[in-house]
Amino acid sequence: MFVLTVDQVGSQQDVDRVGALEDDAERWRAAGAVLGPDRTAGDEFQLVLPEAEAALQAVLELTRDAGWSVGVGVGGVAEPLPASTREARGPAFVAARAAVEAAKRAQHRVDVRADDETAAGDATALLQLLLDVRARRSEEGWAVADRLRAGLTQAQIADEEGVTPQAVSQRARAAGIRLEEAAVPALARLLARLDGAA
């Protein structure tokens with residue numbers, strides 16, 4: 001199981017963003033969360049996801065704008081699951097707490113913790129590399145990435161933008177989109193193995 005403990009960055013100088021996430025709970029449930037998002041303390045919330053791919057997608061969404069420190073705890077969660085994360089317990093919650101504290105000091109504000117410290121460190125390192133690629137992406141690169149993810153082809157994007165397919169291809173290459181497409185499944189498999197070993 002994957003527990004995400006997520007803390008808002010710079011909350012003293014920003015509006016509270018946790019409430020909006022709680023209001024969007026149905027979307028998070030549709031994306032694979034079985035608990036949360038639930039505010040746990042101040043500007044912090046938790047999500048519980050049983051699948052590695054869904055957990056990774058949640059991390060990628062939350063880290064896109066650098067507004068959150070994201071701790072990923074991998075391990076057991078006591079069952080049956082309660083109504084909210086505030087009532088839940090288990091090793092994954094303990095790991096997520098340690099992870100979010102480490103994430104606050106990390107370059108891209110993410111950390112993975114589990115019983116297997118070496119494998120968790122490997123996952124953190126690869127996730128940091130992926131986030132570094134995404135952090136360098138321009139607005140134009142994000143526009144291409146979002147449209148490709150929505151199912152458009154590069155030719156369709158070129159038609160919409162009024163540019164050549166070669167220009168879209170150059171934007172995609174500069175944005176590291178193909179690199180991300182290869183890295184995400186590999187990282188999800190690593191997280192799944194980490195969960196299986198927990």
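**Entry 1: aspartate 38**

I listed the contacts of aspartate 38 in this predicted model, leaving out residues up to four places away in sequence, and found Glu22, Glu44, Phe45, Gln46, Ser84, Thr85 and Arg86. I then located aspartate 38 itself, which lies in strand β2. Next I asked whether aspartate 38 is buried or exposed. Aspartate 38 is buried, and I found no salt bridge for it. The nearest side chain of opposite charge belongs to arginine 86, at 4.4 Å. I noted that this pair does not count as a salt bridge because the cut-off is 4 Å between a side-chain nitrogen of Lys or Arg and a carboxyl oxygen of Asp or Glu. I also looked for a polar partner: the aspartate 38 side chain reaches the backbone nitrogen of threonine 85 at 2.8 Å.

**Entry 2: the sheet**

I turned to the sheet and recorded five strands in the order β2-β3-β1-β4-β5. The sheet is open, and its pairing is mixed. Which strands form the edges? I found β2 (35–41) and β5 (110–113) there, each pairing on one side only. From one strand to the next, I noted an average twist of 20°.

I examined the pairing of β1 (residues 2–8) with β4 (residues 68–74) and recorded seven bridges between these antiparallel strands. As one instance, I noted that phenylalanine 2 has valine 74 of β4 as its bridge partner.

I then looked up two helices that pack on the sheet. Helix α4 (residues 91–103) touches β1, β3 (44–49), β4 and β5, and I recorded about 145° between its direction and that of β4. Helix α9 (residues 177–197) touches β1, β4 and β5. For α9 I noted about 115° to the direction of β1.

**Entry 3: glutamine 156 and threonine 164**

I placed glutamine 156 in helix α7. Its relative accessible area is 40%, so I entered glutamine 156 as partly exposed. The glutamine 156 side chain reaches the backbone nitrogen of threonine 153 at 2.8 Å. I also checked glutamine 156 against aspartate 23: the two are 133 residues apart in sequence, and their C-alpha atoms are 34 Å apart.

Where does threonine 164 lie? I found threonine 164 in the loop between α7 (154–161) and α8 (165–175). With a relative accessibility of 42%, threonine 164 is therefore also entered as partly exposed. I recorded 9.4 Å between the C-alpha atoms of threonine 164 and glutamine 154, which are ten residues apart along the chain.

How values were computed
Residues numbered from 1 in each chain as written. Predicted model: local features only at pLDDT ≥ 70, side-chain atom pairs only at ≥ 80, totals over all residues. Heavy atoms only, no water. Helix = DSSP H or I, 4+ residues; strand = E, 2+ residues; numbered from the N terminus. Buried < 20%, exposed > 50% of the residue type's maximum accessible area, 1.4 Å probe, protein only. Pairing = 2+ DSSP bridges. Axes fitted to C-alpha atoms, helices over the stretch in contact; angles between N-to-C directions. Contact = heavy atoms within 4.5 Å. Lys, Arg positive; Asp, Glu negative; His and termini not counted. Polar contact = N/O pair within 3.5 Å; in protein donor to acceptor, adjacent residues only side chain to side chain.
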